[in-house]
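Trainee: Please take one sheet of this model and go through it closely. Then work outward from there to the strands, helices and side chains around it.

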Amino acid sequence: MEQQRRPRTAVVSGASIAGLSVAFWLRRTGWDVTVLERADAFRDGGQNVDVRGVAHDVLDRMGLTPAVKARNTTETGTVLVDETGRVTADLPSDGPDGATAELEVLRGDLARVLLDALPHGVDVRYGLTVAAVDDDADGVTVTTTAGDALRADLLVVAEGVRSSTRDLVMGEEVDTHELGITMAFGTIPRTASDDDRWRWLTTTGGRQVHLRPDPHGTTRAILAVARSGGLVGVDRDEAVRRLRDVFDGVGWEAPRVLDGLATSDDVYVDDLAQVRMSTWHRGHVVLAGDAGWCVTPMGGGGASLALTSGYVLAASLSTAATTEDALRAYEEWMRPLVDDVQKLPPGIQHFAYPETRLGLAARRLADKALFSGPLRPLLAKMTEVAQTERPLPAMSA
């Protein structure tokens with residue numbers, strides 16, 4: 001009798017969108033999958049993400065489009081406002097991939113849909129990170145912070161932009177490109193003045209204020225600034241104190257946002273940085289999502305790329321003759337999508353975050369030109385990410 005081949009095994013580090021997509025598709029194609037997550041429990045909440053381009057097809061193949069649509073943020077459009085709250089421009093939101101996408105959802109809500117849909121047999125373990133990686137000719141041994149040694153055919157690093165496991169394994173390959181912009185994210189109480197639009201103020205001093213609706217009766221707020229002044233790594237109270245100095249005199253809803261962040265339990269501050277790498281794999285280790293190619297909110301489409309990467313990786317592994325061939329095919333398919341989003345227009349940071357009144361006036365004139373009349377289709381084209389005319393690679397169960 002022919003001996004039955006054992007299932008291939010994978011350890012996935014990171015249980016957000018990329019890691020859960022990888023786990024879903026690897027298990028669907030017969031792998032035994034263990035997911036490690038740093039947090040002690042599933043992380044709900046987070047800010048807006050969306051499903052765009054080829055990720056629509058991936059979500060359809062998962063059978064999860066209705067579930068994601070049911071968790072829509074309720075956002076119907078995007079407007080720019082001035083310091084008094086007056087609307088100065090209306091961004092195009094026509095079609096599924098406008099400024100406000102058809103499938104606009106909170107990061108935690110999208111990840112929850114993926115978690116709930118994982119095929120039976122995926123082992124998700126919380127409160128664990130990777131302490132050591134031993135990659136040899138036959139596979140990889142992953143040692144966790146709890147001291148467990150997990151033997152696998154593949155380690156998938158699906159952590160965030162500051163991934164410690166990626167740095168441990170890929171070291172010299174990692175090029176973290178800082179954009180010079182800091183963002184503070186948080187959830188604040190909803191008020192009667194809030195509506196169903198993403199409202200976006202840009203003002204002098206390289207500062208922005210964003211308010212976005214969510215489906216949970218609260219409002220998602222973002223404060224963004226060029227030149228952070230050391231906001232990352234401090235506790236919430238100190239970060240808010242420093243933000244009050246940075247946003248002094250801005251007007252509109254800035255004081256309310258600051259007061260809300262002072263009591264919010266999910267404040268997150270980060271310096272925006274792209275991750276640029278010449279390769280996303282080495283031996284029996286491969287990267288997926290932000291760990292490999294963080295595109296930042298400046299580029300957009302990070303969730304769509306993360307969702308798509310899980311399918312493309314599993315499909316490549318299901319059809320290639322060797323692991324090396326599969327990982328090379330995965331990179332070749334994903335790379336054009338990532339490169340397209342990471343190529344920011346020259347000087348975009350200065351245009352998006354004007355320092356002076358003259359710069360702000362020029363920005364608002366440009367906004368009016370772009371967001372109306374004959375240039376509006378061009379702006380709509382700029383919101384398209386994760387677009388490709390190539391079919392998704394075939395998957396063998």
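Mentor: The model is predicted. Start with the open sheet of 3 strands, whose order is β8-β9-β10 and whose pairing is antiparallel. The edges are β8 (130-136) and β10 (149-152); each has a single partner strand, so one side of each is left without a neighbour in the sheet. On average, neighbouring strands of this sheet are turned by 20° against each other, with direction ignored. Between β8 and strand β9 (residues 139-144) there are 6 bridges, in the antiparallel sense. Within β9, Thr-141 is the residue opposite Asp-134.

One way out of this sheet is through Thr-165, which is in contact with Val-130. Val-130 is in the range of β8 (130-136). Thr-165 itself belongs to helix α5 (residues 164-170). Is Thr-165 buried or exposed? Its relative accessibility is 1%, and because the cut-off for buried is under 20%, Thr-165 counts as buried. Apart from neighbours within four places in sequence, its contacts also include Ser-13, Leu-155, Val-157 and Glu-159.

Leu-155 and Val-157 lead to strand β11 (residues 154-157), where they lie on one side, with Leu-154 and Val-156 on the other. These four residues are all buried, and both faces of β11 are thus covered. β11 pairs with strand β1 (residues 9-13) in the parallel sense, over 4 bridges. In that pairing, Ala-10 has Leu-154 as its bridge partner. Ser-13, a contact of Thr-165, falls in the range of β1 (residues 9-13). β11 also pairs with strand β18 (residues 285-287), again in the parallel sense, over 3 bridges. There, Val-285 of β18 stands opposite Leu-155.

Next, the packing of nonpolar side chains. In soluble globular proteins, nonpolar side chains tend to be buried together. The largest nonpolar core here has 82 residues, and the members that touch the most others are Ile-17, Met-62, Leu-305, Leu-307 and Tyr-330. Which element gives the largest share of this core? That is α10, with 10 residues. A second core lies apart from it and has 22 residues, including Leu-201, Val-209, Leu-243 and Leu-258.

Ile-17 shows how the larger core reaches α10. Not counting residues up to four places away in sequence, Ile-17 touches Ala-303, Ala-306 and Leu-307, among others. It also touches Val-49, Arg-107, Leu-110, Ala-111 and Leu-114. As for helix α10 (residues 302-319), its 18 residues should span 26 Å at 1.5 Å a residue, and the end C-alpha atoms are 26 Å apart, which agrees. Of the 18 residues of α10, 16 are buried.

The smaller core includes Leu-201, and Leu-201 is also touched by Gln-208. Gln-208 is in strand β14 (residues 207-213) and has a relative accessible area of 3%, so it is buried. Its side chain makes two polar contacts to examine: with the side chain of Thr-202 at 3.5 Å, and with the side chain of Tyr-353 at 3.4 Å. Beyond four places in sequence, its neighbours include Trp-200, Ile-222, Leu-223, Ala-224, Phe-247, Ala-352 and Arg-363.

Ile-222, Leu-223 and Ala-224, touched by Gln-208, are in the range of strand β15 (residues 218-226), which pairs with β12 in the antiparallel sense over 9 bridges. In that pairing, Thr-218 of β15 is opposite Pro-189. Strand β12 (residues 175-189) is also joined to strand β16 (residues 268-276), antiparallel, by 8 bridges. Asp-271 of β16 stands opposite Thr-182.

Last, a residue in the segment after α14 (376-382): Arg-390. At 30% relative accessibility, Arg-390 counts as partly exposed. Its side chain reaches the backbone oxygen of Trp-333 at 2.9 Å and forms a polar contact of 3.0 Å with the side chain of Thr-388. Leaving aside neighbours within four places in sequence, Arg-390 is in contact with Glu-332, Trp-333, Pro-336 and Leu-337. Arg-390 is 321 residues from Lys-69 in sequence, and their C-alpha atoms are 25 Å apart in space.

Definitions and conventions
Residues numbered from 1 in each chain as written. Predicted model: local features only at pLDDT ≥ 70, side-chain atom pairs only at ≥ 80, totals over all residues. Heavy atoms only, no water. Helix = DSSP H or I, 4+ residues; strand = E, 2+ residues; numbered from the N terminus. Expected span 1.5 Å × (residues − 1). Buried < 20%, exposed > 50% of the residue type's maximum accessible area, 1.4 Å probe, protein only. Contact = heavy atoms within 4.5 Å. Pairing = 2+ DSSP bridges. Axes fitted to C-alpha atoms, helices over the stretch in contact; angles between N-to-C directions. Core = buried A, V, L, I, M, F, W, Y, C linked by side-chain atoms within 4.5 Å. Polar contact = N/O pair within 3.5 Å; in protein donor to acceptor, adjacent residues only side chain to side chain.
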